[in-house]
Amino acid sequence: MALIQWGVDCYTGLPEVDRQHEELYALVNRLDAAKAGRGEMLGRVLDDLGDYVRDHFELEEKLMRDAGVDAAHQDEHLAAHAVFVERLGEFRRHSVAGSEAAADEVLAFLTGWLTQHIQWTDRKMAMEIHARMGTEAPHNMFAHF
Ligand SMILES: [Fe+2]
């Protein structure tokens with residue numbers, strides 16, 4: 001069974017962002033599936049995740065700049081991304097020495113951070129981008145804000 005599941009509560013209405021979020025979830029699930037294997041394998045999945053996340057954050061940051069999202073909101077969002085990249089780097093350097101417990105710690109961080117970030121920070125970003133660009137957000141996507 002998948003560890004985390006992308007669903008409508010993650011929806012931003014920004015097609016490329018949504019596609020990449022789904023892919024990120026798939027990578028986390030891949031990491032979960034690889035955790036019982038050798039440390040080497042875990043390291044590879046973490047590297048893939050690190051590469052993917054860097055490209056993904058660049059996309060979001062470009063969308064915010066292009067839409068003229070409030071500078072303070074952009075700064076906050078960029079700071080959140082930087083914390084994540086830093087944390088992932090630490091895990092890559094120190095924690096993934098092949099133990100399943102270490103992998104569980106990484107997975108707990110990834111699932112917690114990504115879920116929270118996508119459902120709140122990215123969806124707020126999307127709401128502001130839609131408002132500024134005059135694009136349509138699906139009517140029920142921000143129901144829980
Ligand atoms: Fe983000």
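**View 1. Contacts of His117 in the predicted model.** His117 touches Ala80 and Asp122, leaving out residues up to four places away in sequence. The coordinates come from a predicted model. His117 sits in helix 4. His117 has 18 C-beta neighbours inside 10 Å, so this residue counts as partly exposed. A second histidine, His81, is 36 residues away along the chain. The C-alpha atoms of His117 and His81 are separated by 9.2 Å.

**View 2. The fold as a whole.** The protein has 4 helices and 0 strands. Read from the N terminus, the order of elements is α-α-α-α. Of the 145 residues in the protein, 24% are buried. Among contacts with a separation of 6 or more, 71% join residues 24 or more positions apart.

**View 3. Helix 1 and its buried side.** Helix 1 has 20 residues. From first C-alpha to last, helix 1 reaches 29 Å, close to the 28 Å expected at 1.5 Å a residue. Its buried residues are Val17, His21, Leu24, Tyr25, Leu27, Val28, Leu31 and Asp32. These buried residues lie on the same side of helix 1, because they cover an arc of only 155 degrees around the axis. An α-helix has 3.6 residues a turn, so residues three or four places apart point the same way. Pro15, Glu16 and Arg19 are exposed, on the face of helix 1 turned away from the buried side.

**View 4. The largest nonpolar core.** This core holds 19 residues. Leu27, Val28, Leu31, Val45 and Leu46 touch the most other members. Helix 1 (15–34), helix 2 (39–67), helix 3 (71–95) and helix 4 (100–133) each give two or more residues to this core. A second, separate core has 7 residues, including Met64, Val69, Ala126 and Ile129. In soluble globular proteins, nonpolar side chains tend to be buried together.

**View 5. Surroundings of Val28.** Val28 is one of the buried residues of helix 1. Beyond its neighbours within four places in sequence, Val28 is in contact with Leu3 and Ile4. The other contacts of Val28 on this count are Leu107, Leu110, Thr111 and Leu114. Val28 is also among the residues that touch the most other members of the largest nonpolar core.

**View 6. Met125 in helix 4.** Met125 lies in helix 4. With 24 C-beta neighbours inside 10 Å, Met125 counts as buried. Setting aside neighbours within four places in sequence, Met125 is in contact with Glu60, Met64, Val69 and His77. Two of these contacts, Met64 and Val69, belong to the second core. Thr12 and Met125 are 113 residues apart in sequence. Their C-alpha atoms are 8.5 Å apart in space.

**View 7. Val8 in the segment before helix 1.** Val8 is placed in the segment before helix 1. Val8 has 9 other C-beta atoms within 10 Å, so this residue is exposed. Gln119 is 111 residues away along the chain from Val8. The C-alpha atoms of Val8 and Gln119 are separated by 9.6 Å.

How values were computed:
Residues numbered from 1 in each chain as written. Predicted model: local features only at pLDDT ≥ 70, side-chain atom pairs only at ≥ 80, totals over all residues. Core = buried A, V, L, I, M, F, W, Y, C linked by C-beta atoms within 7 Å. Buried ≥ 20, exposed ≤ 12 C-beta atoms within 10 Å, placed from the backbone. Contact = placed C-beta atoms within 7 Å. Expected span 1.5 Å × (residues − 1). Arc of directions from axis to C-beta.
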